[in-house]
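Here's a quick tour of one pocket and a handful of charge pairs. Have the viewer open as you read.

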Amino acid sequence: KKITTDKYLLKRKPLLTIKSFFDHHLKQFSTTVLGINENKVSCNITQSWLNAYPPTAFNPVHKHPNSIISGVFYINCLANNKGGGISFHDTGHEMFHDIELPYTRFTIFSANLHHVEVVAGDLVLFPSSVRHSVNLNKTTNQTRISLSFNTFFFGELGDYDDTTELILKQE
């Protein structure tokens, strides 16, 4: 795997339009999926970088510490049987990890592995704490390219009266 040395790519002027696209979807994800009050907190991109996976490259199971929501934007994709997409591991709720429940079907919340197929132009957002991996590039002459980023919340977290208030301001 190859990764850019610059880990703040989305601060570059030529990429501000695509950053705006990501910001729009982050806002939707954090308010609609997570139920965050957008009047108090915003989810902002912190670091961003390009990944290149030439033939035989992969990324083992990992997660993204010091981040709330992570994202991957797919620029050049591979076919599924050649190692395309992203795989999420142990996505089920922690409470059920040691219990074998009689599922009638597996969902992203009950599966040990959930694979997401992607095409160029797809943006995948997910909680940064979810373990994920990138499959082995099984092609002989194609490179998988993606732009990844991490985020963090800024604004007023917690509650003053409950002594949990934390005010984080972005630079």
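## The second largest pocket and the salt bridges

In this predicted model, the second largest pocket has a lining made up of Tyr-8, Leu-10, Lys-11, Lys-19, Ile-45, Thr-46, Ser-48, Phe-154, Lys-169, Gln-170 and Glu-171. The space inside the second largest pocket comes to about 280 Å³. Sort the lining by class and you get four nonpolar, three polar and four charged residues. Which strand gives the most to this lining? That's β2 (residues 41-53), which puts in three residues.

Now for the charge pairs. The structure has four salt bridges, and here are some of them, with the distance between the closest N and O atoms:

| Acidic residue | Basic residue | Closest N and O atoms |
|---|---|---|
| Asp-6 | Arg-12 | 2.9 Å |
| Asp-23 | Lys-19 | 2.8 Å |
| Glu-156 | Lys-40 | 3.7 Å |

Let's start with Lys-19, since this residue turns up in the pocket lining and also forms a salt bridge with Asp-23. How far apart do the two sit in helix α1? Both belong to that helix (residues 16-33), and because they are four residues apart, about one helical turn separates them. As for accessibility, Lys-19 is partly exposed, at 22% relative accessible area, and Asp-23 is partly exposed too, at 26%.

The bridge between Lys-40 and Glu-156, with its closest N and O atoms 3.7 Å apart, ties together distant parts of the chain. Lys-40 lies in the loop between α1 and β2, while Glu-156 belongs to strand β9 (residues 144-157), and the two are 116 residues apart. Are these partners buried, partly exposed or exposed? Lys-40 has a relative accessibility of 45%, so it counts as partly exposed. Glu-156 is likewise partly exposed, with 41% relative accessible area.

That leaves Asp-6 and Arg-12, whose closest N and O atoms are 2.9 Å apart. Asp-6 has 22% relative accessibility and therefore counts as partly exposed; the cut-off for buried is under 20%. Arg-12 comes out at 44%, which again means partly exposed.

To pull the two topics together: Lys-19 helps line the second largest pocket, and the same residue pairs with Asp-23 at 2.8 Å between the closest N and O atoms.

Note on methods:
Residues numbered from 1 in each chain as written. Predicted model: local features only at pLDDT ≥ 70, side-chain atom pairs only at ≥ 80, totals over all residues. Heavy atoms only, no water. 1 Å grid on protein atoms, 1.4 Å probe; cavity = no way out; pocket = protein on both sides within 12 Å on 5 of 7 lines; lining within 4 Å. Points joined across faces, edges and corners; volume = space filled by probe spheres on them. Nonpolar A, V, L, I, M, F, W, Y, C, P; charged D, E, K, R; others polar. Salt bridge = Lys/Arg side-chain N within 4 Å of Asp/Glu carboxyl O. Buried < 20%, exposed > 50% of the residue type's maximum accessible area, 1.4 Å probe, protein only.
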